[in-house]
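Please examine the sequence and the model shown below. The paragraphs after them offer a guided reading of the fold, from its interior to its surface.

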Amino acid sequence: MNPKPQHNSAPQLGQMVRIAKEELGAIVQELRERGYRTILPKVADGAVIYDEAEDASALPIGVIDEQDAARYRLRESGQSGYFDYVVGPHAVKQYLFPPVETLLRADRVDGAWSFETPKPECEPTAIIGVRACDLHAIAIQDRVFLEGAYVDEGYRARREKLVLIAVNCRRAAITCFCHSMGTGPAVKRGFDLSLTELEEEFAVEVGSSLGSEVMAACRWSPCTDSETGEVRAIPERLERKMVEGGRGFVDGEDEAGNARELDIRGIRDLLVNNLDHKHWDAVAERCLSCANCTMVCPTCFCASVDEVSDLTGDHVSRERTWGSCFNAEHSYMNSGVVRHTIRSRYRQWLVHKLATWIDQFDTSGCVGCGRCITWCPVGIDLTEEVAAIRETQT
């Protein structure tokens with residue numbers, strides 16, 4: 001792109017502009033001055049995770065991930081990309097649907113109990129580096145927590161104070177299958193700002209009025225129509241590469257491995273009509289029922305509610321914690337546990353995720369991020385399990 005005059009005013013909603021990569025720090029700083037906690041990708045314990053950071057220096061520049069079933073490794077890419085890794089074990093859901101949340105407190109003072117419903121913690125939060133698949137996951141969780149007869153007030157409070165700085169992927173991992181689910185790799189909606197990484201700059205699309213205001217802190221230049229077309233073509237080329245079975249950088253050599261895809265044609269009826277398929281037994285022989293897949297899934301929303309008392313018995317909290325349909329206790333009803341076997345629990349998870357979720361929420365519960373494949377300790381791969389059932393369906 002050719003050099004152009006730079007501005008410090010607010011670009012228009014929907015406008016595509018470009019900034020020097022160093023200007024990302026000005027965006028982070030502006031968000032913090034506006035009172036937002038800023039969450040950025042960073043390396044911790046050998047993985048790229050989301051965590052609070054005061055500036056953009058925490059970004060894993062030049063780092064990429066190698067992912068496959070039960071395998072995750074980081075390595076230097078030999079390039080200077082800010083966002084060339086894909087998704088790590090963390091999803092955005094922890095900032096909207098916390099792993100642990102206190103719903104009620106009860107205190108006994110002088111023999112009398114008093115009760116308090118604490119206000120939900122909803123610190124203004126800006127998350128930088130959100131991918132298209134995770135934006136779709138947020139939209140799915142919005143349906144779960146905000147639509148229908150029962151609205152989760154804590155989720156709504158946090159959602160209203162959430163700013164999303166998204167990133168168009170220019171590299172896909174072997175485990176990514178967002179192209180199959182129609183959720184990526186291009187960012188299309190649900191963002192305040194959307195970044196596309198170029199060699200020396202970011203192209204930035206403005207998705208909200210707040211995003212426009214924040215951009216006033218940057219020195220930016222407008223993209224021409226031709227430049228905007230070139231920027232939008234990057235994730236489109238990556239999607240074509242994924243459809244053709246390629247992975248890796250959009251214009252680079254294919255990364256070796258079994259590139260995932262999921263045939264979703266008639267998938268609801270396929271799974272619902274094969275509840276007694278023998279393949280569920282084969283999966284159950286490998287599944288540890290450890291719940292890793294549900295913990296890393298960006299859309300899973302199961303929870304348990306427990307009363308937690310201190311040692312004196314005078315102070316009790318009602319806490320909601322992330323649950324999992326892989327735990328036997330999660331299926332406890334008045335008659336006891338109803339899903340006694342790993343076979344029944346894995347089947348419940350997969351059929352709900354890919355089939356009956358559609359009946360319940362009018363959308364699949366899978367966004368094709370591939371986290372459940374990578375973080376399954378025995379390498380169970382839902383794309384392979386569905387394919388096996390499809391090949392031998394009854």
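The account that follows treats the nonpolar cores, a helix, the cavities and two loop residues in turn.

The structure is a predicted model, and its interior is a suitable place to begin. In soluble globular proteins, nonpolar side chains tend to be buried together. Here the largest nonpolar core comprises 43 residues, of which Tyr-50, Val-92, Ile-127, Val-130, Leu-135, Ile-138 and Leu-164 touch the most other members. Two or more residues of this core are supplied by each of β8 (125-130), α2 (132-146), β9 (162-167), α6 (225-243) and α10 (342-361). Helix α2 makes the largest contribution, with eight residues. Another core, of 33 residues, lies apart from this one; Ile-49, Tyr-72, Val-163 and Cys-218 are among its members.

Helix α1 shows how burial can be arranged around a single helix. Spanning residues 24-33, α1 has as its buried residues Leu-24, Ile-27, Val-28, Glu-30 and Leu-31. Because these residues cover an arc of only 160° around the axis, they fall on the same side of α1. An α-helix has 3.6 residues a turn, so residues three or four places apart point the same way. Just after α1, Gly-35 adopts a positive phi of about 95°.

Attention may now turn to the empty space within the protein. Rolling a probe the size of a water molecule over the atoms shows where empty space is left. The structure contains six cavities of 30 Å³ or more, and the largest cavity has a volume of about 150 Å³. This largest cavity is lined by 17 residues, and those closest to its centre are Cys-287, Cys-293, Tyr-346, Cys-376 and Ile-380. Helices α9 (292-296) and α10 are the elements that give two or more residues to the lining; α10 also gives two or more residues to the largest nonpolar core. By class, the lining has 14 nonpolar, two polar and one charged residues.

Two loop residues complete the picture. Asn-168 sits in the loop between β9 and β10 (171-172). With a relative accessible area of 10%, Asn-168 falls under the 20% limit and therefore counts as buried. The side chain of Asn-168 makes a polar contact of 3.4 Å with that of Ser-194 and another of 2.9 Å with that of Thr-196.

Is Asp-45, in the loop between β2 (37-44) and β3 (47-52), buried or exposed? Asp-45 counts as exposed, because its relative accessibility is 85%. Between Asp-45 and Ala-291 there are 20 Å in space, C-alpha to C-alpha, and the two residues are 246 residues apart in sequence.

Conventions:
Residues numbered from 1 in each chain as written. Predicted model: local features only at pLDDT ≥ 70, side-chain atom pairs only at ≥ 80, totals over all residues. Heavy atoms only, no water. Core = buried A, V, L, I, M, F, W, Y, C linked by side-chain atoms within 4.5 Å. Buried < 20%, exposed > 50% of the residue type's maximum accessible area, 1.4 Å probe, protein only. Helix = DSSP H or I, 4+ residues; strand = E, 2+ residues; numbered from the N terminus. Arc of directions from axis to C-beta. 1 Å grid on protein atoms, 1.4 Å probe; cavity = no way out; pocket = protein on both sides within 12 Å on 5 of 7 lines; lining within 4 Å. Points joined across faces, edges and corners; volume = space filled by probe spheres on them. Nonpolar A, V, L, I, M, F, W, Y, C, P; charged D, E, K, R; others polar. Polar contact = N/O pair within 3.5 Å; in protein donor to acceptor, adjacent residues only side chain to side chain.
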